[in-house]
Amino acid sequence: MTTTTATTEADPFVHPALFYRGSRQYLQGTTPFVLGGLDAGEPVAVAVPERNLRLIRDELGELASQVRLIDMSEAGRNPGRIIPAVLTAFADLHPGRRVRIIGEPIWPERSATEYPACVQHEALINLAFAGRGVTILCPYDLDGLDPEVVRDARMTHPTIMDVSGLHISEEYAPEHAVQEYNRPLPAPGNAAEFAFGETDLPGVRAFAVEHASRMGLSGERLQDLRLIASELASNSLDHGGGSGTLRLWFEDGRAVIEVSDAGHIVDLLAGRRPAAARQQGSRGLLMTNLLSDLVRIHTGGDGTTVRAYFTV
């Protein structure tokens, strides 16, 4: 199995999926990619789940100290956080230089609730890095993942790498992938609800803290949820028709907060661009992605729902 960093005249961004079976194929696909970057003088980051991070670290030996190693199961627990806080954050540390990143956001233990956000993340990488000198290799475990996941990887990556070499993906359609997983969110079974308008932001914060604390959230995480409630409600007031509905409930060990309104998010990268220091206006979606354990969004002409999860 070989890797490539070839670029096209049209776009210097390269985004292959690596299909592998077992540790041997994993290392055959990832290690030459890392070593090729080091030989070329390119900054290299590896953001993969801890068990695979150990494999790569051990294989690289002393050279591992020259690579930025990131546990994706922690840094990327919310897929919406990966572009701004992992990939872009690393690339922006090296302006004017091509960088290489191994990013593995989908692994067998990802839940069905998390998976749609993972697919949208993989699709949006192509939009976020178009025109940049960046190569992002995304491994996929063929033995542990469902065939549907492999199908979606072909839709979100322009090229596919496997034991037979590098191939163009005939199914590549990232914007279709984003829309396919822009699905209505299932209604909660038993949620506390608060309808708010222009003068109700203090009530939003108090309502969120009261109900989330009853669910067992406390300390810094409770304050994070309070901030997100305020930011999302402010978004609704500014961009969602001047009102909205806040809901909170407990689900599978997590406190869930949801804000819905009449707005429609048309910017596919909303909440995934790092905010400039002097940026004006709301950063609500970005803050939500950075602070939450998972974020799911459904948006369309009939309104927008943003749902954030906090592990208790």
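Reader: In this predicted model, what is the order of the strands in the open sheet of seven strands?

Author: The model is a predicted one, and its open sheet of seven strands has mixed pairing. Neighbouring strands of this sheet are turned against each other by 20° on average, with direction ignored. Read across the sheet, the order is β3-β2-β4-β5-β1-β6-β7.

Reader: Which are the edge strands of that sheet?

Author: An edge strand of this sheet pairs on one side only. In the order β3-β2-β4-β5-β1-β6-β7, that description applies to β3 (68-71) and β7 (165-168).

Reader: Which residue in β7 stands opposite Met161?

Author: Strand β6, which covers residues 159-162, pairs with β7 in the antiparallel sense, and the pairing runs over four bridges. Opposite Met161, on the β7 side, stands Leu166.

Reader: At what angle do the axes of helix α8 and α9 cross?

Author: Two packed helices are described by the distance between their axes and by the angle between them. For helix α8 (residues 201-214) and α9, the crossing is right-handed, and the axes come within 9 Å while crossing at roughly 145°.

Reader: How many nonpolar residues does the contact of α8 with α9 have?

Author: On the α8 side the contact is made by Leu201, Val204, Arg205, Ala208, Val209, Ala212 and Ser213, and on the α9 side by Leu222, Leu225, Arg226, Ala229, Ser230, Ala233, Ser234 and Leu237. Sorted by class, this contact has two charged residues, three polar ones and, as the number asked for, ten nonpolar.

Reader: Is Ser230 buried or exposed?

Author: Ser230 lies in helix α9, which spans residues 219-239. Leaving aside residues up to four places away in sequence, Ser230 touches Leu201, Val204 and Arg205. Because its relative accessibility is 12%, and the buried class takes values under 20%, Ser230 counts as buried.

Reader: Which residue meets Arg214 in a salt bridge?

Author: The partner lies, like Arg214, in helix α8, and the two are four residues apart, about one turn of the helix. Arg214 counts as exposed at 61% relative accessibility, whereas the partner is partly exposed, with a relative accessible area of 36%. The side chains meet at 2.6 Å, N to O, and the partner is Glu210.

Reader: What is the N to O distance in the salt bridge of Arg221 and Asp224?

Author: Arg221 and Asp224 both belong to helix α9 and are three residues apart, about one turn of the helix. Arg221 counts as partly exposed at 23% relative accessibility, while Asp224 counts as buried at 11%. Their side chains meet in a salt bridge with an N to O distance of 2.9 Å.

Reader: How many residues apart are Arg307 and Glu258?

Author: The side chains of Arg307 and Glu258 meet in a salt bridge at 2.5 Å, N to O, and this pair links distant parts of the chain, with Arg307 in strand β12 (residues 303-311) and Glu258 in strand β10 (residues 254-261). Arg307 is buried, with a relative accessible area of 3%, and Glu258 is buried as well, at 4%. Along the chain, the two are 49 residues apart.

Reader: Which residues do salt bridges that share partners join into one network?

Author: A search of the whole structure finds 18 salt bridges, and the bridge between Arg221 and Asp224 is one of them. Through shared partners, salt bridges join into one network the residues Glu74, Arg77, Arg221, Asp224 and Asp293.

Terms used. Residues numbered from 1 in each chain as written. Predicted model: local features only at pLDDT ≥ 70, side-chain atom pairs only at ≥ 80, totals over all residues. Heavy atoms only, no water. Buried < 20%, exposed > 50% of the residue type's maximum accessible area, 1.4 Å probe, protein only. Contact = heavy atoms within 4.5 Å. Axes fitted to C-alpha atoms, helices over the stretch in contact; angles between N-to-C directions. Left-handed = near helix turned anticlockwise from the far one by under 90°. Nonpolar A, V, L, I, M, F, W, Y, C, P; charged D, E, K, R; others polar. Salt bridge = Lys/Arg side-chain N within 4 Å of Asp/Glu carboxyl O. Pairing = 2+ DSSP bridges.
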